[in-house]
There are 2 protein chains.
Amino acid sequence: MYLAEIDKELHAIALPKGPVNLYEPFRYMLDLGGKRIRPALTLMGHTLFNTDHKKAMPAALCIELFHNFSLIHDDIMDKAPLRRGKPTVHTKWNETIGILSGDVMLVNTYKMLADHYSGDVLSQLMKIYTATAIEVCEGQQMDMDFESRNDVTVEQYEQMISLKTSVLLGCALKMGAITGGATNGDANHLYEFGKNIGIAFQLRDDYLDVFGDPAKTGKQPGGDILAGKKTFLMIECRSLANAVDKQKLDALIQTNANNKVNATLELLKKYKVDELTQAEVTRFQTLAMEHLANVQVANEKKKSLVALADYLLNREH
Amino acid sequence: MYLAEIDKELHAIALPKGPVNLYEPFRYMLDLGGKRIRPALTLMGHTLFNTDHKKAMPAALCIELFHNFSLIHDDIMDKAPLRRGKPTVHTKWNETIGILSGDVMLVNTYKMLADHYSGDVLSQLMKIYTATAIEVCEGQQMDMDFESRNDVTVEQYEQMISLKTSVLLGCALKMGAITGGATNGDANHLYEFGKNIGIAFQLRDDYLDVFGDPAKTGKQPGGDILAGKKTFLMIECRSLANAVDKQKLDALIQTNANNKVNATLELLKKYKVDELTQAEVTRFQTLAMEHLANVQVANEKKKSLVALADYLLNREH
């Protein structure tokens with residue numbers, strides 16, 4: 001999965017010495033670590049078509065820098081004090097430094113591409129990456145808009161998670177396919193594979209928060225319910241509920257009563273939202289695997305991608 | 001100067017309908033207007049080498065979008081309530097929307113390039129634009145760092161204004177030269193012309209704030225002095241002052257006494273800072289004109305650039 005190599009390459013990115021208030025937060029954020037799934041996808045996408053994964057490394061780093069940029073700015077917007085157990089950039093420094101170090105990190109994603117690719121490959125990388133970066137901003141705005149609405153539909157919620165998080169997985173794979181010299185058709189099937197795995201992953205995340213085993217997730221069960229978050233489960237439940245239950249659910253989202261989690265759980269189970277959510281995860285997973293099957297390379301080469309999808313969608317935490 | 005055409009093209013940029021909280025601020029910022037000097041420079045740089053200025057329009061719009069992105073984020077960092085007499089984006093909406101609409105505008109600068117250029121031209125545009133965008137972030141950080149220091153040297157101050165504002169003028173011209181098919185040598189001379197005009201412009205700005213004719217500038221005389229800003233004049237004065245006057249100056253920067261402006265003016269005149277600043281403006285202007293003279297095209301074609309430089313450096317407001 002190249003994780004050690006990706007970490008090494010991230011650490012080796014040459015940054016100017018100053019201004020220190022710009023580049024120390026940049027370095028700090030990268031050194032906080034992470035699963036590095038997105039850059040790994042880029043390298044794995046590449047090696048389906050070309051054995052030299054190093055050719056995809058700058059594109060992989062571009063995607064990981066983008067992910068980290070979005071975390072810095074999202075943490076400011078969400079007023080989050082911690083990230084991976086450590087103070088967020090705007091907490092350790094201040095919001096101004098968070099905004100600006102995020103900005104310079106975003107520009108550096110393009111530096112990665114401009115410094116290492118040219119010609120048609122650069123054009124193609126720029127197009128998919130730029131379109132995706134715009135979509136991620138749109139998804140983040142939709143997410144914030146949804147906080148003050150209670151009429152969000154299941155379709156709108158799925159579009160939001162697709163834009164906010166899933167398209168970046170598709171983009172990561174497609175960029176690897178481009179540097180690997182894939183056909184447009186193969187590159188697009190890989191993109192759809194990544195995007196649908198991403199949606200399935202996010203829906204499963206919503207599921208695990210409520211129905212996961214706390215001993216395995218390590219999280220307070222029903223944390224999303226307590227926080228009044230409108231996850232897929234809540235939206236699906238609200239769309240199915242009768243008028244009385246709908247009113248109950250709306251009241252529960254706003255309350256801080258002791259029985260908040262249990263009462264909500266009761267409603268979710270009454271409308272079989274647990275089963276429906278698992279079915280929706282399976283639907284997107286199936287869609288993803290169909291796209292992967294359509295990529296015109298030997299199944300043998302797809303094994304690591306199948307394993308990664310399996311890992312992402314069967315994890316218990 | 002193409003201003004009407006640039007405004008028309010900016011207005012014609014196709015934006016998605018939603019999320020409205022992302023794209024209304026984007027449109028609002030562009031519609032606030034502005035002198036459009038940067039995109040005009042790109043078109044003028046282009047027409048030195050190629051008659052069809054429309055080929056440079058996407059690069060010109062890229063630069064203007066970048067300028068507007070930086071204004072949105074800078075206004076948040078500076079807590080500025082007004083921009084061109086209207087509420088700033090984060091005031092009219094909120095900081096979160098300001099951060100995110102700025103982000104999506106920054107990504108759209110690259111969309112302009114990716115959608116309209118390819119091959120070697122795209123590579124060259126990406127390189128100079130990305131390097132410049134990074135420098136602008138560095139300059140903004142230096143500017144913020146300088147606020148809490150009183151040991152900034154004249155050289156450091158000039159480097160800061162060069163990065164924060166002047167390199168973007170050089171970059172605007174160079175991008176036009178690139179789309180126009182200029183040689184590297186000519187493109188770089190144009191870059192240096194723009195950068196040095198930019199530094200001269202900024203130093204003159206500092207000068208006019210104190211020594212300009214209020215009837216012409218329309219500003220309160222000594223506004224920078226009142227605000228305790230460490231402009232070129234203050235830094236130059238401090239570097240020349242004897243120990244007693246240095247102490248006086250440091251005290252004046254911090255005070256809100258009635259005689260703040262007059263007492264500071266007295267010190268500035270004692271050390272001839274007015275004359276020295278004008279000499280520094282002339283020094284950078286001369287440097288700029290030498291670079292323009294080295295661009296290998298007929299003088300006839302350079303007339304509009306000479307006129308623009310003249311306008312920028314002789315304005316009284």
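Author: Two residues are in contact if their C-beta atoms, placed from the backbone, lie within 7 Å. Residues are numbered from 1 along each chain as its sequence is written, with chains lettered from A and ligands numbered from 1 in the order of writing. Please keep in mind that this is a predicted model, where local features need pLDDT of at least 70, side-chain atom pairs count only at pLDDT 80 or more, and totals for chains, interfaces and linings use all residues.

Reader: Thanks! What makes domain 1 and domain 2 of chain A touch, and how many residues are in contact?

Author: By that 7 Å limit, seven residues of domain 1 of chain A are in contact with nine residues of domain 2 of chain A. Helix α3 (residues 37-47) of chain A gives the largest share of the domain 1 side, three residues. Helices here are DSSP runs of H or I with at least four residues, strands are runs of E with at least two, and both are numbered from the N terminus. The domains themselves span 1-150 and 183-317, bounds that come from an automatic or database domain assignment. Their centres, taken over C-alpha atoms, are 25 Å apart.

Reader: How is the domain 1 side of that contact divided into nonpolar, polar and charged residues?

Author: It has five nonpolar, two polar and no charged residues. Ala, Val, Leu, Ile, Met, Phe, Trp, Tyr, Cys and Pro count as nonpolar, Asp, Glu, Lys and Arg as charged, and the others, Gly among them, as polar.

Reader: On to the pair of chains. What rotation superposes chain A on chain B?

Author: A rotation of 180° does it, with 0.0 Å of shift along the axis and an RMSD of 0.0 Å. That is the relation of a two-fold axis. The superposition is by least squares on the C-alpha atoms of residues with pLDDT of at least 70 in both copies. In chain A, the residue that comes closest to the axis is A:Gly119, its C-alpha at 2.1 Å.

Reader: How many residues of each chain are in contact, and which helix of chain A gives the largest share?

Author: 33 residues of chain A are in contact with 33 residues of chain B. The largest share of the chain A side, 15 residues, comes from α7(A). That side divides into 18 nonpolar, ten polar and five charged residues.

Reader: B:Gln141 caught my eye. Why is it called buried or exposed?

Author: A residue is buried if 20 or more other C-beta atoms lie within 10 Å of its own, exposed if 12 or fewer, and partly exposed in between, with C-beta atoms placed from the backbone. B:Gln141 has 26 such neighbours, so it counts as buried. This residue lies in helix α7 (residues 119-146) of chain B. Beyond its neighbours within four places in sequence, B:Gln141 is in contact with A:Pro19, A:Asn21, A:Leu22 and A:Leu100.

Reader: What makes the peptide bond that joins A:Gly18 and A:Pro19 special?

Author: That bond is cis, with omega about 0°. A:Pro19 lies in the loop between α1 (3-12) and α2 of chain A. In chain B, the peptide bond from B:Gly18 to B:Pro19 is cis too, with omega near 0°.

Reader: And what about A:Lys79: buried or exposed?

Author: A:Lys79 has 11 C-beta neighbours inside 10 Å, so it counts as exposed. Its phi is near 50°, a positive value in a residue other than glycine. A:Arg84 likewise has a positive phi, about 55°, although it is not a glycine. With 10 other C-beta atoms within 10 Å, A:Arg84 is therefore exposed.
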